[in-house]
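Good morning, everyone, and thank you for making the time. I would like to walk you through one structure, taking it step by step, so please have a look at it before I go on.

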Amino acid sequence: MLVIKTSTSFPREDFTMDERSSLLAAAPPPGIPGRACMWLTSWIFIFASIFLTAEFVLIHSPPPAKPNQLINFFGTLEGILWFQGFILLLYWSFYEVPIAPTGCFATFLKFIAACFFNVQPASGLIGMLPLGVPWSNFVGICLFHSGNLLSCYAMWGMYDSSKPWSEGNLPVQAMWVYALATTLLCTADGLDFYAIEAAADYIKFAQIFGATLLGVGSLMYAYWSRPKTYLPHSPFSDGSIQ
């Protein structure tokens, strides 16, 4: 809720209507349930996306320079981060906002996906195969993509088409970016799993670009859920816009 104190805390009293409108327009975004939890989750996902992108870059590097253990290490880091992030997102879905069955089920699918994301790098680190078992990431990304599509459906009613660039639309647009990312990753991982050699260039592009888009979507969520701050250079001396 926007609160403007009208006491003597104003250094000046002669605001024009235009100045007041500008101040109100520049105010921080309205309250977001569980803002701190969402902000932390978003940053966990940002780092998970960075490690995933690094993993794919190394996987598609020339064979003499392909360090399998480093790839498995990055894969383990991103898998653990996705797992931790979706635990927090489940908490947010059940305890910070009114429970929405479709949204909660979508988040649960993504949590199960994160469990599978940890199987491939872990099996590589213990030496079962150079880069671990090949099926777990494919199963995981299919579950992740299914969860994102379900989230898009669940969030559709939140989108305000009359104000497409309003900050309130950011979580919906970020989920669209997630869905695009997992569309690329799901198709690429499927082609890679079934060893379609003719699609090698697409697999490289889709895996690296898809992982990058996950980071973009996470940055959008981080911006949307950023902590409230007082207005910079505000004429309100005590930061009375909240």
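**A salt bridge, a core and a buried asparagine**

Let me begin with E167, which forms a salt bridge with R226, their closest N and O atoms being 2.8 Å apart. The two residues come from distant parts of the chain, 59 residues apart, with E167 in the loop between α6 and α7 and R226 in the segment after α8. Please keep in mind that this is a predicted model, and that the count of salt bridges in it comes to one. As for their surroundings, E167 counts as partly exposed at 26% relative accessibility, and R226 likewise counts as partly exposed, at 23%.

Now to the interior. In soluble globular proteins, nonpolar side chains tend to be buried together. Here the largest nonpolar core has 45 residues, and those with the most contacts inside it are F45, W82, F86, I141, F144, L214 and Y221. At least two residues of this core come from each of α2, α3, α4, α6, α7 and α8, while the largest share, twelve residues, is supplied by α7. If we take W82 as an example, and leave aside residues up to four places away in sequence, W82 touches F45, A48, S49, A114, F117, F144 and L214.

Finally, is N137, in helix α6, buried or exposed? N137 counts as buried because its relative accessible area is 16%, and the cut-off for buried is under 20%. Again leaving aside residues up to four places away in sequence, N137 touches F116, F117, Q120 and D189. The C-alpha atoms of N137 and F193 are separated by 9.2 Å, although these residues lie 56 apart along the chain.

Key
Residues are numbered from 1 along each chain as its sequence is written. This is a predicted model: local features need pLDDT of at least 70, side-chain atom pairs count only at pLDDT 80 or more; totals for chains, interfaces and linings use all residues. Side-chain values use heavy atoms; hydrogens and water are left out. A nonpolar core is a set of buried Ala, Val, Leu, Ile, Met, Phe, Trp, Tyr and Cys residues joined through side-chain atoms within 4.5 Å. Buried means under 20% relative accessible area, exposed over 50%, partly exposed in between (1.4 Å probe, protein chains only). Helices (H or I, at least four residues) and strands (E, at least two) are DSSP runs, numbered from the N terminus. Contact means heavy atoms within 4.5 Å. A salt bridge is a side-chain nitrogen of Lys or Arg within 4 Å of a carboxyl oxygen of Asp or Glu.
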